[in-house]
Amino acid sequence: MGRRTALFDLHHALGARTVDFGGWDMPLHYGSQVAEHNAVRRTAGVFDVSHMGVVDLDGARSRAFLERLLANDVAKLTAPGRALYGCMLNEAGGIIDDLLVYRLEGSAYRMVVNAGRRDVDLAWIRGHAAEFGVSVVEREDLAMLAVQGPEARALTAQRLSPAHASQALALAPFHACPIDDWYVARTGYTGEDGFEVMLPAARAADLFEALRAAGAVPCGLGARDTLRLEAGLNLYGNDMDEQTDPFESALGWTVAMQPATRRFIGRDALEVIERRGSTRKLVGLLLVDRGVLRRHQRVIAPGVGEGEITSGGFSPTLDRSIAFARVPIATAGEVEVDVRGRALRARVVTPPFVRHGQPLVS
Amino acid sequence: MSNVPAELEYTEAHEWIRRLPDGTAEVGITDHAQHALGDIVYVELPEVGRAVNAGEACAVVESVKSASDVYSPVSGEVIARNGALETTPEAINQDPYGAGWMMRVRLAPGGGEPKTLSAAAYTELLSRESD
């Protein structure tokens with residue numbers, strides 16, 4: 001039996017089919033993954049994402065610590081309440097995890113890391129925090145709900161007093177603020193507008209139920225996966241890992257090489273890779289023929305070489321199959337994918353495939 | 001609880017067979033199978049005219065989760081396939097024993113009786129699997 005979030009009994013009562021994810025028993029879907037996916041694109045869905053790790057950091061040198069720890073530059077967090085996406089790298093430039101970091105009040109920061117990487121991350125973070133005198137506290141007392149979709153913010157704000165509601169609704173994308181015992185962030189993993197709410201675990205089931213009563217559709221990890229794929233967002237363990245660097249994972253935009261004086265972990269390796277040039281890249285694929293692209297299928301770029309699908313599936317919004325694939329750097333135009341022994345044609349595209357309910361490729 | 005119509009025959013691989021008086025049989029996957037697969041998004045059916053043997057993989061059903069082979073429960077020649085599944089594969093989720101039928105086979109003469117389960121035996125199998 002895996003670890004359970006504070007909402008496990010509620011998921012069970014709602015008829016969830018559960019699945020192991022990073023050592024956690026999590027809802028895969030509550031009946032129809034496609035219906036849940038469409039609810040997020042059209043109205044609102046609510047996800048239990050309490051399996052993700054919330055890690056609070058504090059200390060006089062916490063900023064210097066994060067400037068060393070992360071490939072993106074926390075100096076961009078110019079005020080409390082700002083959020084930044086980035087990678088934590090090993091010395092070889094391989095990705096240990098991708099994460100969000102929020103600047104809290106004073107010298108405090110909060111990181112949200114992947115469920116399956118919590119233990120690895122914490123060991124790495126603690127190993128480097130000591131020399132900076134930074135405290136590292138895993139917030140296992142918190143649960144996290146993601147409320148996503150065009151109606152998600154309004155539904156969430158209804159759960160707050162009028163003064164607090166206007167505070168939440170005033171948040172710009174990638175901004176967050178504490179509201180009572182909630183921490184509300186205008187972030188997500190679906191390509192839609194919405195909030196991620198961190199709150200005391202004991203209060204999470206009530207909020208989940210209230211949002212459900214107001215019309216938010218309970219959504220499982222199945223819909224979360226197809227939504228993030230359409231939105232062009234990587235999944236750790238599929239699309240990148242410790243053996244791949246950010247440049248070959250379509251995450252070069254999250255690496256702050258300037259200022260050159262910031263010697264973050266992995267920088268030396270990335271400088272060499274940058275000088276030499278990457279040999280592979282992560283691209284989007286849109287299947288031209290009928291079928292379904294899946295992880296690990298072989299991609300053939302005629303005259304260029306071969307690659308592999310890292311994430312694939314069926315896009316409910318586009319009504320066809322889409323994928324991410326790691327391919328030789330010169331790959332462009334049309335490729336072939338070996339789908340169960342058949343060579344199907346796919347077009348190389350730049351994700352996202354879908355944003356705010358609208359198809360961006362055709 | 002899965003729907004298991006009494007008038008059909010079943011296989012351990014969760015296909016159903018509807019024998020028709022003209023010596024043909026309709027084939028599909030069971031309610032239990034569609035439920036386990038989740039939302040079905042793509043179906044690959046055998047060509048009309050293809051000879052199939054009992055136990056041979058002859059179709060593919062892909063759900064949001066995974067791809068699964070469908071094994072022909074009978075031997076014979078495929079005489080029809082449900083082309084509507086190309087555009088509405090979800091019919092298998094919604095109506096596995098009706099609009100979700102997959103193919104019709106003219107049973108091979110003297111091909112022997114295929115090994116199938118009665119509705120009661122299949123229900124028994126499902127209850128054992130859920131233990």
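How many helices and strands does the secondary structure of chain B come to? I looked this up in the model, which is a predicted one, and I counted three helices and nine strands for chain B. Following the sequence of chain B, I noted the pattern β-β-β-α-β-β-β-β-β-α-β-α. I then took the radius of gyration of chain B, which is 14 Å and close to the 14 Å that the globule rule gives for 131 residues, so chain B is as compact as a globular protein of that length.

For the extent of chain B, I read the span of its C-alpha trace along the principal axes, which is about 40 × 35 × 20 Å. I also looked at burial, and found that 43% of the 131 residues in chain B are buried. Of the contacts in chain B with a separation of 6 or more, I found that 64% are between residues 24 or more positions apart.

Next I turned to helix 3 of chain A, residues 62–69, whose buried residues I listed as A:Ser62, A:Phe65, A:Leu66, A:Glu67 and A:Leu69. Looking for what covers these buried residues, I found, among other elements of chain A, strand 4 (53–58), strand 5 (83–89), strand 6 (95–103), strand 7 (109–113) and helix 4 (118–129).

Last, I checked where the two chains meet, and found 13 residues of chain A in contact with eight residues of chain B. On the side of chain A that touches chain B, helix 2 (33–42), helix 8 (221–230) and strand 16 (305–315) of chain A each supply at least two residues. Sorting that side of chain A by class, I recorded three nonpolar, seven polar and three charged residues.

Conventions: Residues numbered from 1 in each chain as written. Chains lettered and ligands numbered in written order. Predicted model: local features only at pLDDT ≥ 70, side-chain atom pairs only at ≥ 80, totals over all residues. Helix = DSSP H or I, 4+ residues; strand = E, 2+ residues; numbered from the N terminus. Rg over C-alpha atoms; globule rule 2.2 N^0.38 Å. Buried ≥ 20, exposed ≤ 12 C-beta atoms within 10 Å, placed from the backbone. Contact = placed C-beta atoms within 7 Å. Nonpolar A, V, L, I, M, F, W, Y, C, P; charged D, E, K, R; others polar.
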